[in-house]
Amino acid sequence: MHQALQNKEFKMFLQPKFNLKNDELVGAEALVRWQKPDGTYRYPNEFIPLFESNGFCIKLDTFMIEQACEQLRKWMDDGLKPVPISVNQSKILFLDKNYPDNLEKILDKYNIPSSLITLEILEGIASDDLELLKRQIDILHSKGFKVSMDDFGKGYSSLNMLYQLRIDELKLDRGFLKKVPEDDEKRRYIILRQVISLAKKLGIKTVAEGIETAEDREAVIALSCDYGQGYLYGKPID
């Protein structure tokens, strides 16, 4: 894994994110792929769990921030209007009190405004040390970064997180769009509608992941979700 990082075998792919009201491109999510010598790719589920357990995700997540900054710098140098890039960040990084300053140094290196980087965290990160996470997010906000909570609803989401953590964006787990029996469908949409409504009242944008069909799109629009991403809009591209 160290050799792969040195050889830049970890590649950044981007999946577009769109405004559901007008289909305007509003951003992209950075996704990592590990390119093998034969040109094929290993996908995150094949190596991220290992990297989270052995601590290597600290180096990989930092590398992905650099990759995002390089891409943003290239767009700007080419005279193109950049869109914000969301980058997944592991919980180990948030436990480092120097994390906000280290991030700022990377962006300064590429002369990238912090408003163009959104930091994505998994909902499970809040179960470790909510107070520390809250402080880190406040510091990141003071530096101009935005914070998104990914996969909300996948684990044991707590409404306590929503009022304690001043996140900017809530990404609904793609499992909410899976086909389920009709009775479960009604219950699911009641919950989704209330979560989205609550987020709006708190000033939090909502993102529906896994939009693959026109029916998926219509469903999340009916629920007043703000943004969407999925194969209907575009697959991750290099």
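In this predicted model, phenylalanine 152 has leucine 172 in strand S7 as its bridge partner. That pairing belongs to the link between strand S6 and S7 (residues 169-172), two strands that run parallel and are joined by 3 bridges. Now look to the other neighbour of S6: strand S5 (residues 117-122) also pairs with S6 in the parallel sense, here over 5 bridges. To find your way along this pairing, pick out glutamate 120, which stands opposite serine 148 in S6. How much of strand S6 is covered? Of the 7 residues in S6 (residues 146-152), 6 are buried, so the strand is mostly covered.

From the strands, let us move to helix H3 (residues 57-77), where you will meet aspartate 61. What is the nearest side chain of opposite charge to this aspartate? It is lysine 91, but that side chain is 12 Å away, and aspartate 61 is buried without a salt bridge. For a salt bridge, the charged atoms would have to lie within 4 Å. A polar partner does turn up in the backbone: the nitrogen of serine 90 lies 2.7 Å from a polar atom of the aspartate 61 side chain. Beyond its neighbours within four places in sequence, aspartate 61 is in contact with Asn88, Gln89, Ser90 and Leu93.

Our last stop is helix H9 (residues 214-222), where the buried residues include Asp216, Arg217, Ala219 and Val220. Why do these four belong on the same side of H9? Around the helix axis they cover an arc of only 160 degrees, which places them on the same side. Follow the chain just past H9 and you reach serine 224, which takes a positive phi of about 70 degrees.

Key:
Residues numbered from 1 in each chain as written. Predicted model: local features only at pLDDT ≥ 70, side-chain atom pairs only at ≥ 80, totals over all residues. Heavy atoms only, no water. Buried < 20%, exposed > 50% of the residue type's maximum accessible area, 1.4 Å probe, protein only. Lys, Arg positive; Asp, Glu negative; His and termini not counted. Polar contact = N/O pair within 3.5 Å; in protein donor to acceptor, adjacent residues only side chain to side chain. Contact = heavy atoms within 4.5 Å. Pairing = 2+ DSSP bridges. Arc of directions from axis to C-beta.
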